[in-house]
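Subject: A structure for you to look at

Hello,

Here is the structure I promised to pass on to you. Have a look through it first, and then read my notes below.

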Amino acid sequence: LAYAVLTTALWGVWGALIEVPEKAGFPATLGYAVWALTTIPCALIGLWIAGWSLNRDRRSVLLGCGVGFLGAGGQLILFEALRLGPAYLVFPVISLYPMLTVLLSVILLRERGSHRTWAGIILAAPALVLLSYQPPSSTALGGSRWLILCLLVFAMWGIQAYLMKLANQTMRAESIFFYMSATGLLLIPIVLAMTTFSAAINWGWTGAWCAAGIQILNSIGALCLVYAMRYGKAIIVAPMTAMAPVLTIMISLVMYHTVPGTVLVTGMVLASISIYLMAE
């Protein structure tokens, strides 16, 4: 529970600050590259905790790389989905990925929860959709490609969380994160190709360095998530850590002095009740 709460807190703060360097002129694609680099110190700390012992058998390598590619690859596909479709439709679809994790964990891992836990999981579904809602804009839908990409990210992230729990049964959490870091670094050339370098890029303290300070929160949160999956049930950890937008919204309200609409308030209330029920 402690690791799940810490992950949710770190990701909540990260979500509230992630737009700061982008608005200052540092592209989101390069933000991914910076995130991948910030996973290196976290991976090294993890290996130090594990006594520099790394699981190197074929199964561990395949599971670790599978977790990494599904997570990082989903992030790259999300960039394209947001380019083709409106965010107010993209995020609600993707935000339901914990439900796939829960389904796979119940069927394949035989995980079980109390009635209270299941009540929290059921409430998490509408809460995630409401928290991801953004007002409609004039953004073109780009045909049906955006929906296909959204469903692909939904599947990739849902399976990733399941694989993370599966991998924790036979390998060290530190090794899982090491392979997550390695695969994230391997995908950097793709985001570099997606970046328009002809435009002005802020490489200074308010751009690239600010992004590094913010992205390290994401990396530490990801490491905590691996530990949460080691000690907790995936059917509880996945929905709970997906509630990070609650904290993101609260911080954003303070930073930008805005008042949340009915949709967000409803989502926050449902999310709070859901977290309380799951944290038994």
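Let me start with a term you will need: a residue counts as buried when its relative accessible area is under 20%, as exposed when that area is over 50%, and as partly exposed in between. Please also keep in mind that this is a predicted model.

Now for the chain as a whole. How many helices and strands are there in the protein chain? You should find 14 helices and 0 strands, so the pattern read along the sequence is α-α-α-α-α-α-α-α-α-α-α-α-α-α. The radius of gyration is 18 Å, close to the 19 Å that the globule rule gives for 280 residues, so the chain is as compact as a globular protein of that length. If you drew a box along the principal axes, the C-alpha atoms would fill roughly 45 × 40 × 35 Å.

Buried residues account for 50% of the 280 in the protein chain. Take the contacts between residues at least 6 apart in sequence: 90% of them join residues at least 24 apart. The accessible surface is about 13,000 Å², and carbon and sulfur atoms hold 73% of that surface. As for charge, the chain has 13 positive and 7 negative charges, and their mean positions lie 8 Å apart.

Next, two residues in loops. Tryptophan 52 sits between helix H3 (28-49) and helix H4 (58-84). Its phi is near 60°, which is a positive value in a residue other than glycine. Is tryptophan 52 buried or exposed? Its relative accessible area is 54%, so tryptophan 52 is exposed.

Arginine 110 belongs to the loop that links helix H6 (97-108) with helix H7 (115-132). Arginine 110 is not a glycine, yet it has a positive phi of about 60°. With a relative accessible area of 58%, over the 50% cut-off, arginine 110 is exposed.

Finally, turn to serine 175, which you will find in helix H9 (residues 173-186). Serine 175 has 0% relative accessibility, so it counts as buried. Which residues is serine 175 in contact with, once its neighbours within four places in sequence are left aside? They are Ser53, Leu54 and Asn55. Try finding these in the viewer, starting from serine 175 in helix H9.

Enjoy exploring, and write back with any questions!

Best wishes

Definitions and conventions: Residues are numbered from 1 along each chain as its sequence is written. This is a predicted model: local features need pLDDT of at least 70, side-chain atom pairs count only at pLDDT 80 or more; totals for chains, interfaces and linings use all residues. Side-chain values use heavy atoms; hydrogens and water are left out. Helices (H or I, at least four residues) and strands (E, at least two) are DSSP runs, numbered from the N terminus. The radius of gyration is taken over C-alpha atoms; the globule rule is 2.2 Å times the number of residues to the power 0.38. Buried means under 20% relative accessible area, exposed over 50%, partly exposed in between (1.4 Å probe, protein chains only). Contact means heavy atoms within 4.5 Å. Accessible areas come from the Shrake-Rupley method with a 1.4 Å probe; for residues, only the protein chains shown count as cover. Lys and Arg count as positive and Asp and Glu as negative; His and the chain ends are not counted. The place of a charge is taken as NZ of Lys, CZ of Arg, CG of Asp or CD of Glu.
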